[in-house]
Amino acid sequence: MELLTTRLRLRPIRQSDAPRVYAMASSPGVAVPAGYPTPKTIRDSRTYAARASAEWRKRKPRQLTFSILRRGDTIWIGLISLRWPHNGVGELGYSLHPAFWGNGYASEAARRVVALAFTKFGAHRVQATCWVKNPRSAGVLKNAGLRKEGTLRGYLKRGQIVRDEFMFGLARRER
Ligand SMILES: CC(C)(COP(=O)(O)OP(=O)(O)OC[C@H]1O[C@@H](n2cnc3c(N)ncnc32)[C@H](O)[C@@H]1OP(=O)(O)O)[C@@H](O)C(=O)NCCC(=O)NCCS
């Protein structure tokens with residue numbers, strides 16, 4: 001499955017993306033705000049990329065992870081995923097290498113994946129959580145048409161820190 005936007009190409013993650021995943025996820029300011037563990041070595045990213053690409057081969061994938069490439073120069077810039085916490089409810093996650101932040105790329109990719117969830121998969125709701133201290137991510141979700149619905153207090157524990165997260169959502173009926 002390949003998705004195109006004006007400036008981006010989204011294609012299923014491959015095992016061979018592991019070095020780029022590692023370079024991104026180990027960059028300061030990426031894994032912590034996103035809420036996943038910082039990879040310690042490239043082996044962690046190899047394991048991640050192998051699992052995420054294997055999902056695509058399942059009959060009913062639990063999570064679809066796309067690599068985001070710039071169409072102009074085919075440079076790999078990040079990842080975006082769509083998972084299904086409940087039947088008919090799609091949940092977004094995304095991270096970009098910091099070198100590419102601030103160009104509207106994450107918003108462009110998120111809009112495309114939201115459309116995919118509704119049109120191809122018949123979702124009745126698309127949602128995403130975002131750390132209350134992550135205004136860039138909140139901006140992405142607003143740009144993708146999701147609305148802030150509230151604060152999930154004490155939702156994520158990372159190390160010793162318990163975090164509040166915003167819940168953003170868009171129901172099919174309000175699209
Ligand atoms: C969150 C992330 C994906 C945003 O990527 P991006 O390509 O820079 O996002 P965009 O350029 O589409 O910008 C989105 C919005 O961020 C906001 N924004 C941009 N720069 C900002 C800044 N310096 N401070 C606060 N908000 C900012 C704006 O609202 C912007 O949209 P607008 O300019 O149209 O109003 C990127 O910062 C990232 O990978 N962060 C680490 C991982 C992460 O936090 N993932 C989110 C998991 S919930």
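Which residues does Gly154 touch, not counting residues up to four places away in sequence? In this predicted model, the answer is Val162, Arg163 and Asp164. Gly154 itself sits in strand β7, which covers residues 147–158. Is Gly154 buried, exposed or something in between? With a relative accessibility of 43%, Gly154 counts as partly exposed, because that class lies between the cut-offs of 20% for buried and 50% for exposed. As for Ala25, 129 residues away along the chain, its C-alpha atom and that of Gly154 are separated by 24 Å.

Helix α3 comes next. This helix takes in residues 42–55, which makes 14 residues. At 1.5 Å a residue, α3 should span 20 Å, and the C-alpha atoms at its ends are indeed 20 Å apart, so expectation and model agree. On the buried side of α3 are Ser45, Ala49, Ala52, Ser53 and Glu55. Looking down the helix axis, these buried residues fall within an arc of 145 degrees, which means that they line one face of α3. Turn to the face pointing away from that buried side, and the exposed residues Arg43 and Arg51 show up.

What covers the buried residues of α3? The cover includes helix α1 (18–25) and strand β3 (63–70). Two packed helices can be described by the angle between their axes and the distance between those axes. For α1 and α3, the axes come within 8 Å and cross at roughly 120 degrees. That angle makes α1 oblique to α3, because it falls outside the range of 65 to 115 degrees that counts as roughly perpendicular and is not over 145 degrees, where roughly antiparallel begins. The crossing of α1 past α3 is right-handed. Down at the level of residues, α1 brings Ala18, Pro19, Val21 and Tyr22 to this meeting, while α3 brings Ile42, Ser45, Arg46, Tyr48 and Ala49. Ser45 and Ala49 also appear among the buried residues of α3.

Two other residues deserve a look. Ser107 belongs to helix α4, residues 105–119. With a relative accessible area of just 6%, Ser107 is buried, since buried means under 20%. Setting aside neighbours within four places in sequence, Ser107 is in contact with Val140 and Asn143.

Then there is Thr74, found in the loop between β3 and β4 (76–86). Most residues other than glycine have a negative phi. Thr74 is not a glycine, yet its phi is positive, at about 55 degrees.

Notes: Residues are numbered from 1 along each chain as its sequence is written. This is a predicted model: local features need pLDDT of at least 70, side-chain atom pairs count only at pLDDT 80 or more; totals for chains, interfaces and linings use all residues. Side-chain values use heavy atoms; hydrogens and water are left out. Helices (H or I, at least four residues) and strands (E, at least two) are DSSP runs, numbered from the N terminus. The expected span of a helix is 1.5 Å times one less than its number of residues. Buried means under 20% relative accessible area, exposed over 50%, partly exposed in between (1.4 Å probe, protein chains only). The arc is that of the directions from the helix axis to the C-beta atoms. Contact means heavy atoms within 4.5 Å. Axes are lines fitted to C-alpha atoms, for helices over the stretch in contact, and angles run from 0 to 180 degrees between N-to-C directions. Angles under 35 degrees count as roughly parallel, over 145 as roughly antiparallel, 65 to 115 as roughly perpendicular and the rest as oblique. A crossing is left-handed if the near helix is turned anticlockwise from the far one by less than a right angle, and right-handed if clockwise.
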